Amino acid sequence: MAEPQTQADAVTMDKIVSLCKRRGFVFPSSEIYGGLGSTYDYGHYGVLLKNNVKGQWWRAMLQERDDIVALDSAILQHPRVWEASGHLEGFTDPLVDCRACKQRFRADDLENAACPRKPSVHPGEHSECDLTEAREFNLMFETSIGPVRDSASTVYLRPETAQGIFINFKNVVQFARVKPPFGIAQVGKSFRNEITPGNFVFRTREFEQMEMEYFVPPAEAERWFKYWVAERERWYADLGIRPDHLRVRPHPAEELSHYSKATSDIEYLFPIGWSELEGIANRGDFDLTQHARFSGETLEYFDQATGERYVPHVVEPAAGADRAALAILVDAYDEDDLAGEGRTVLRLHPRVAPVKVAVLPLLRRDGHPELAREVFGAVRGRVQAEYDEGGSIGRRYRRQDEIGTPFCVTIDHESVSDRTVTLRDRDSGHQERLPIEGLADELAGRLEREWRTPKLG
Ligand code: ATP
């Protein structure tokens, strides 16, 4: 199948940023102080959406299988961890500073950077440009532990969650009674002092990762690598992302990290072009061997059945929760005409939609709010629901469309007399009458049904 090279739909990154602000998904951070570049705060709907993404990831890792266990390791770890992992030495970008404009650029990307002076040219090409030699810049954030600030107290904010997993390998093998192939999964914040953050939450300095390390007998690593690439691509499609906007890109040999035997990225066709959502790597025995060497601990698996002792190999699917949420928003964004009126609608998979059902009294009198409150009380125990009585019913529908709520339940005159409600479907605008009795079960059932984005036609 030919891959689309541009977004055929209405979405742009600017529209996503403005919708996120308008509807309270994501705000620029520290805004009342003028903002802090490329940092963001998640508002109510953003929290619900990202929690659903992480919840679906946990579900795929834990609930739907029995070979993966959970972990939540500390953000601050012993500094030797980052020596062993190679982050202290290798996690660097070469940078140049300009003494004239005080800006900093990636030395290996000058052709894509712009000097801030006019006329706009690449850094170094303007008559006043005065670039320093390229210097290595470590992407890890440094801080110190305790009241005395010296080299002995230096610690780092973790730049990935993976190392927290490797340093707990022994604990997990001992206490979780697992046997390769098995995985350890973790979700949490990571920090990188990115030189070129940008494109909204696509690349920020503080972000959330969803990483799983899958420990396997060495001879099985290649098979499991292929398995996880396919499995992870399917996960995104199962969350409603159009399959023709997803692709797997194997890394050529020259792009592989020093530890990696093979890596493939799962990419999404963002408005900025194909970009990484997740990387799946066959890391061999690099991590366990390094930590064994640096810590002096034996990090092996002893198979009592065969008497065999070995260092398991690791296959790692490493995803970003913010990037996944952004891809889901971009893929869901749509503009259409409903009953002759233009609207913006997020066609989110019901599983990730922040709010599943909105309960709306038609009027603020005649017993509508009281009955609507009763319905809301019954529904909210089953699914994430919202009560809204402000503004015309049309405006309230538009509001719910913009945050991607799959169903609206409206309480009107008829409801008061015969205890039925109108159920409105977000995607089609179709309305039907349903009894209040059993409504919560009915809605929970419909939300579980298979869903396919109407954007696929
Ligand atoms: P990139 O090439 O985009 O910098 P990476 O290959 O360095 O990413 P990994 O170290 O493989 O990324 O991290 C796994 C995942 O974590 C990425 O696929 C991405 O989803 C997420 N991620 C990494 N860096 C950032 C960031 N600065 N902001 C948001 N998410 C990020």
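These are my notebook entries on a predicted model of a protein chain with a ligand.

**Entry 1: the whole chain**

I started with the overall picture. The protein chain has 457 residues, and 35% of them count as buried. I find 13 helices and 23 strands in its secondary structure. Along the principal axes, the C-alpha atoms fill a box of roughly 75 × 70 × 55 Å. I also looked at how far apart in sequence the contacting residues sit. Among contacts with a separation of 6 or more, 65% join residues 24 or more positions apart.

**Entry 2: how far to trust it**

Next I looked up the confidence. The average pLDDT of the protein chain is 93, and 98% of the residues score at least 70. Where does pLDDT stay under 50? That happens over residues 1-7, for which the model has 7 contacts beyond four places in sequence. Predicted coordinates should not be read in detail where pLDDT is low, so I left that stretch alone.

**Entry 3: around the ligand**

Then I went to the ligand. I count 16 residues around it, and the ones that come nearest are Phe207, Gly279, Ala318, Gly320 and Arg323. Which elements supply at least two residues each to this shell? They are β10 (206-216), β13 (273-284), β16 (313-320) and α9 (321-332). The largest share, 4 residues, comes from β13. By type, the shell divides into 8 charged, 4 polar and 4 nonpolar residues.

**Entry 4: helix α7**

I spent a while on α7, which covers residues 221-238. Its 18 residues reach 25 Å from the first C-alpha to the last, close to the 26 Å expected at 1.5 Å a residue. Which of its residues are buried? My list reads Ala221, Trp224, Phe225, Trp228, Val229, Arg232, Glu233, Trp235 and Tyr236. These sit on the same side of α7, because they cover an arc of only 165° around the axis. On the face turned away from that buried side, I noted the exposed residues Arg223, Ala230, Ala237 and Asp238.

What covers the buried residues of α7? The cover includes helix α2 and the strands β10, β11 (246-250), β12 (262-270), β13 and β16. I had already met β10, β13 and β16 as suppliers of the ligand shell. Just after α7, glycine 240 takes a positive phi of about 100°.

**Entry 5: helix α2**

Since α2 is part of the cover over α7, I checked α2 next. This helix spans residues 44-63, and its buried residues are Tyr45, Gly46, Leu49, Lys50, Asn52, Val53, Gln56, Trp57, Ala60 and Met61. They lie on the same side of α2, because their arc around the axis is only 165°.

**Entry 6: aspartate 41**

Aspartate 41 lies in strand β2, residues 40-42. Is aspartate 41 buried or exposed? It counts as exposed, because only 12 or fewer C-beta neighbours are allowed for that label and aspartate 41 has 12 inside 10 Å. Apart from its neighbours within four places in sequence, aspartate 41 is in contact with Phe27 and Ser29. Proline 28 is 13 residues away from aspartate 41 in sequence, with 6.1 Å between their C-alpha atoms.

**Entry 7: cis peptide bonds**

I looked up two cis bonds that lead into prolines.

- The bond from lysine 118 to proline 119 is cis, with omega near -10°. Proline 119 sits in the loop between β5 (104-106) and β6 (135-138).
- The bond from proline 180 to proline 181 is cis as well, with omega near 0°. Proline 181 belongs to the loop between α6 (169-175) and β9 (182-191).

**Entry 8: positive phi without glycine**

My last look was at two residues that have a positive phi although they are not glycines.

- Aspartate 366 has a phi of about 60°. Its place is the loop between β19 (357-361) and α10 (368-380). With 14 other C-beta atoms within 10 Å, aspartate 366 is partly exposed.
- Arginine 419 has a phi of about 50°. I found arginine 419 in the loop between α12 (413-418) and β22 (420-425). Arginine 419 also counts as partly exposed, with 15 C-beta neighbours inside 10 Å.

Terms used. Residues numbered from 1 in each chain as written. Predicted model: local features only at pLDDT ≥ 70, side-chain atom pairs only at ≥ 80, totals over all residues. Near = placed C-beta within 6 Å. Nonpolar A, V, L, I, M, F, W, Y, C, P; charged D, E, K, R; others polar. Buried ≥ 20, exposed ≤ 12 C-beta atoms within 10 Å, placed from the backbone. Arc of directions from axis to C-beta. Expected span 1.5 Å × (residues − 1). Contact = placed C-beta atoms within 7 Å. pLDDT = per-residue confidence, 0-100.
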